[in-house]
Amino acid sequence: MLKFDESKYKNDLIAQVEAIDEGKKIADEITKQGYDNIFFVGVGGTYAMMMNFVTLAKEYTNIPVYLEQAGELILTDNPKLTKNSIVITGSKSGDTKEIVEIEKWLKDKGIRIAAMVLSKDSPVGELCDWRIPLQTFKGVEFEYLSMYGIFYGLLADNGDFPKFSEFHEQIKENMVDGIIKVQKDFDSRAEEIAAKYYNTDYQLWIGGGELWGEIYLYTMCILEEMQWLKTKAVTSAEFFHGTLELVEKDTPVFLIKGVGKYRLLDERAEKFLKKENNNLTVIDINDYMISGFDDDFKAIISPIISTIVLNGRLSKHLEEHSGHDLDIRRYYRQFEY
């Protein structure tokens, strides 16, 4: 397979799955200390990855769970953010400017921080109260797995996620081989899609619910940042309130169908697009669902499946066809701004 070292990747996945235990220990310690609410705080791809936790929290818990963009929060504050809050943040590199600044700001306020970061010796790792283990820089799927222990652990400790043990066990039994199988199963389709769309002038991407963060992340962080392709991302719910007027017969449109409660909204968009558009690509997460998981957990793991087919496979084939290295940037981290 294209740019896919299965042995190293599998070892990294195994280590990340094992690290869920550490996340649960952090959750248990936070629960013992007590807290009033949970704030996810991020920027860019990490902010996008956090969206699904906040979305799904509404289905599980009465604990107030908020999402803030770090650069905005430091300017505006939030009256619900207090010393009794828990902030969950993250920076793979450990030196993301906005995350370092928000951690300093939070520390001055005496607010506790759990940070997902590769190294405890990084600025982000040194400033946080708890380090949520992250095993590798590559792959958003590792970020989701990194967060599972602490977030669903907190919900479990509160009595809101009583099947945490079953969820954790099914991850240990099925996730590693399941992720690798999905990458292999999607690879030929990724090649077909990339060959057709690597040099388009414009792409429209639609999804919703627990997958909205994935659509936001893939269009902004992969297609725009890493491939310099122009995109428009919209939720399946909001699609009918403006963006539908941009659809012409030949407009490249991508619809990512979820498996949770928001799927009906995806299906409504699909019905319209099949009638009005001749250039539609539908990727149904159900078609690539990892076996061995209870129905209750499928929406939770669906962002992982989305990121491994899009970021894990499609982006690699786009890189191959476009000749544009995924690591090349025009501006990002090239100079101070």
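A residue is called buried when its relative accessible area is under 20%, exposed when it is over 50%, and partly exposed in between (1.4 Å probe, protein chains only). With that in hand, helix α7 makes a good starting point: 16 of its 18 residues are buried, so the helix is mostly covered. The structure is a predicted model, in which local features need pLDDT of at least 70 and side-chain atom pairs count only at pLDDT 80 or more, while totals for chains, interfaces and linings use all residues. Residues are numbered from 1 along each chain as its sequence is written, and side-chain values use heavy atoms, with hydrogens and water left out.

Helices and strands are taken here as DSSP runs, numbered from the N terminus (helices are H or I with at least four residues, strands are E with at least two). Helix α7 covers residues 140-157. The expected span of a helix is 1.5 Å times one less than its number of residues. For the 18 residues of α7 this gives 26 Å, which agrees with the 26 Å between its end C-alpha atoms. A bend of about 40 degrees is nevertheless found in α7 at Y148, where the bend at a residue is the angle between axes fitted to the seven residues ending there and the seven starting there. Just after the helix comes G159, with a positive phi of about 85 degrees.

Helix α11 (residues 295-322) can be described along the lines just used for α7. Its 28 residues should span 40 Å, and its end C-alpha atoms are 39 Å apart, which agrees. A kink of about 45 degrees lies at I301, shortly before the proline P303. Of the 28 residues in α11, 21 are buried. The helix is followed by G323, where phi is positive and near 75 degrees.

Attention now turns to the sheets. Strands of a sheet pair through backbone hydrogen bonds, either parallel or antiparallel. Two strands are counted as paired if DSSP finds at least two bridges between them. One open sheet has 5 strands in the order β2-β1-β3-β4-β5, and its pairing is parallel. At the edges stand β2 (65-69) and β5, each with a single partner strand, so one side of each is left without a neighbour in the sheet. From one strand to the next, the twist averages 25 degrees. Such angles run from 0 to 180 degrees between N-to-C directions, with axes that are lines fitted to C-alpha atoms, for helices over the stretch in contact.

Within this sheet, strand β1 (residues 37-42) pairs with β2 over 5 bridges in the parallel sense, and F40 stands opposite L67 in β2. Helix α2 (residues 20-33) packs on the sheet and touches β3, β4 and β5, its direction making about 150 degrees with that of β5; contact here means heavy atoms within 4.5 Å. Helix α3 (residues 44-60) lies across β1, β2, β3 and β4 and runs at about 160 degrees to β2.

Strand β4 (residues 112-117) deserves a closer look, with 6 of its 6 residues buried. In a regular strand the side chains alternate between the two faces of the sheet. In β4, R112, A114 and M116 point one way, whereas I113, A115 and V117 point the other way. Strand β3 (residues 85-90) runs parallel to β4 and is joined to it by 5 bridges, with G90 opposite M116. On its other pairing, β4 meets β5 (residues 130-133) over 4 bridges, also in the parallel sense, and the bridge partner of A115 in β5 is R131.

A second open sheet contains 4 strands in the order β7-β6-β8-β9, again with parallel pairing. Its edge strands are β7 (231-235) and β9 (280-284), each pairing on one side only. Neighbouring strands are turned by 15 degrees against each other on average, direction ignored. Strand β6 (residues 203-207) and strand β8 (residues 253-257) are joined by 3 bridges, and I206 has L255 as its bridge partner in β8. Helix α10 (residues 263-276) packs on this sheet, touching β6, β8 and β9.

Most residues other than glycine have a negative phi, and most peptide bonds are trans. D77, in the loop between α4 (70-76) and β3, has a positive phi near 60 degrees and is partly exposed, with a relative accessible area of 29%.
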